[in-house]
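Reader: Hi, have you got a few minutes to go through this one with me? I'd like to hop from topic to topic.

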Amino acid sequence: MWKSRSEAAVNGRRIGPYETVWKGVANPATRPTAAHMLGFARASTRSQGPALNLEPTSRLAICPGSFDPLTLGHVDIIRRAARQFDRVVVAVLHNTGKAPLFSVPERLDFIRATFEDNPRVEADAFSGLLVDYARRRGAAAIVRGIRAVSDFEYEFQMALMNRRLAPEVETVFLTPAEEYSYVSSRLIKEITALSGDVSGLVPEPVARRLAEKFPAAPESALNG
Ligand code: PNS
């Protein structure tokens with residue numbers, strides 16, 4: 001029979017006062033359907049207290065990375081993530097071990113400027129373990145982009161390690177549009193430093209700052 005539980009745990013998980021648990025029915029035909037469950041929940045809330053919130057909870061994803069600098073490949077992945085999740089935090093790693101081209105505040109500015117018209121996207125910085133940050137933010141998922149098979153091994157290793165550290169945080173892989181599958185921050189920096197053209201591969205604020213940092217960079221980089 002359906003039993004309402006006000007305390008205790010199911011399979012080690014604590015359940016709320018209006019959750020219910022099905023006990024002792026072996027025949028699948030007599031088990032309740034989703035409609036039964038919903039009906040019971042509604043009936044029980046009428047008699048027992050405040051309305052049960054049946055809305056799905058807001059789901060937050062973290063898009064972590066160095067973003068030194070943000071590329072249109074990153075932007076593509078972040079936009080895709082923002083279509084799948086209610087909120088996306090683009091989390092810039094404070095990496096003391098690397099000498100970055102752009103400071104963390106500059107990198108955050110690039111992200112904010114690029115997504116200023118998208119209220120679902122937030123920029124933030126973090127240090128330490130990614131899973132600790134994800135937990136602090138209450139994230140349901142970590143989103144990573146996979147451009148090619150060569151990305152996979154490293155990403156897969158990281159995803160499994162993060163799962164071991166925080167099993168409740170899922171890693172989700174997204175693939176960018178084909179035209180960005182060869183774009184990386186490393187190549188953007190290298191090409192710009194050698195006066196190559198990266199227009200169409202980085203957001204405009206990034207192109208502008210790259211042109212300032214490397215004055216010999218062609219004007220066309222500003223149209224990116
Ligand atoms: O843009 P990147 O450099 O590929 O991003 C790598 C990043 C930031 C996702 C990864 O280095 C990371 O998560 N660093 C935080 C430290 C951490 O949690 N390390 C354990 C990973 S299993």
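Reader: Let's start with P69. Where does it sit?
Author: P69 is in the loop between β5 and α2, the helix at 72-84. This is a predicted model, so please read everything I say with that in mind.

Reader: What is the peptide bond from D68 to P69 like, cis or trans?
Author: It is cis, with omega near 0 degrees. Most peptide bonds are trans.

Reader: And F67, where is that one, and what is its phi?
Author: F67 lies in that stretch too, the loop between β5 and α2. Its phi is near 50 degrees, a positive value in a residue other than glycine.

Reader: Is F67 buried or exposed?
Author: F67 counts as buried, because it has 25 C-beta neighbours inside 10 Å, and the cut-off for buried is 20 or more.

Reader: Which residue that is not a glycine has a positive phi of about 65 degrees?
Author: That is S195. You'll find S195 in the loop between α6 (185-193) and α7. S195 is exposed, because 12 other C-beta atoms lie within 10 Å, and a residue with 12 or fewer is classed that way.

Reader: Changing topic: which residues surround the ligand?
Author: The shell is made of P64, G65, S66, L93, L129, L130, M158, M161 and N162. Two elements give two or more residues to it, namely β5 (60-65) and α5 (149-165).

Reader: Which element gives the most to that shell?
Author: α5 does, with three residues.

Reader: How do the shell residues divide into nonpolar, polar and charged?
Author: Six are nonpolar and three are polar, and there are no charged residues around the ligand.

Reader: Nice. Now the sheet: what is the strand order?
Author: The order is β7-β6-β5-β8-β9, in an open sheet of five strands with parallel pairing. β7 (121-126) and β9 stand at the edges. Each of those has a single partner strand, so one side of each is left without a neighbour in the sheet. From one strand to the next, the twist averages 30 degrees.

Reader: How many bridges join β6 to β7?
Author: Six bridges join them, and the two strands run parallel. β6 covers residues 87-93. To find the register, look at V88, which stands opposite V121 in β7.

Reader: And how many bridges are there between β8 and β9?
Author: Five, again in the parallel sense, between β8 at residues 141-145 and β9 at residues 170-174. There, I142 stands opposite T171 in β9.

Reader: What handedness does the unit of β8, α5 and β9 have?
Author: Those three make a right-handed β-α-β unit. α5 lies across β8 and β9, and runs at about 160 degrees to β9.

Reader: Which strands does α4 lie across?
Author: Helix α4, residues 130-137, lies across β5, β6, β7 and β8. Its direction is at about 150 degrees to β5.

Reader: Back to α5 for a second. Is F152 buried, exposed or partly exposed?
Author: F152, which is found in helix α5, is partly exposed, because it has 13 other C-beta atoms within 10 Å. The C-alpha atoms of F152 and F173 are separated by 9.5 Å, although the two residues are 21 residues apart along the chain.

Reader: What about R163?
Author: R163 also lies in helix α5. R163 counts as partly exposed, because there are 15 C-beta neighbours inside 10 Å. R163 and V131 are 32 residues apart in sequence, yet 8.6 Å apart in space, C-alpha to C-alpha.

Reader: One more pair: at what angle do α3 and α7 pack?
Author: At about 145 degrees, with their axes 8 Å apart. α3 covers residues 104-114 and α7 covers residues 204-213. E106, F110, A113 and T114 in α3 meet P205, V206 and R209 in α7. By class, this contact has four nonpolar, one polar and two charged residues.

Reader: Last one: how many helices and strands does the chain have?
Author: Seven helices and nine strands. Of the 224 residues in the chain, buried residues make up 26%. Among contacts in the chain with a separation of 6 or more, 65% are between residues 24 or more positions apart.

Notes
Residues are numbered from 1 along each chain as its sequence is written. This is a predicted model: local features need pLDDT of at least 70, side-chain atom pairs count only at pLDDT 80 or more; totals for chains, interfaces and linings use all residues. A residue is near a molecule or strand if its C-beta atom, placed from the backbone, lies within 6 Å of it. Helices (H or I, at least four residues) and strands (E, at least two) are DSSP runs, numbered from the N terminus. Ala, Val, Leu, Ile, Met, Phe, Trp, Tyr, Cys and Pro count as nonpolar, Asp, Glu, Lys and Arg as charged, and the others, Gly among them, as polar. Two strands pair if DSSP finds at least two bridges between them. A crossover is right-handed if, with the strands pointing away from the viewer, the path from the first strand over the helix to the second runs clockwise. Axes are lines fitted to C-alpha atoms, for helices over the stretch in contact, and angles run from 0 to 180 degrees between N-to-C directions. Two residues are in contact if their C-beta atoms, placed from the backbone, lie within 7 Å.
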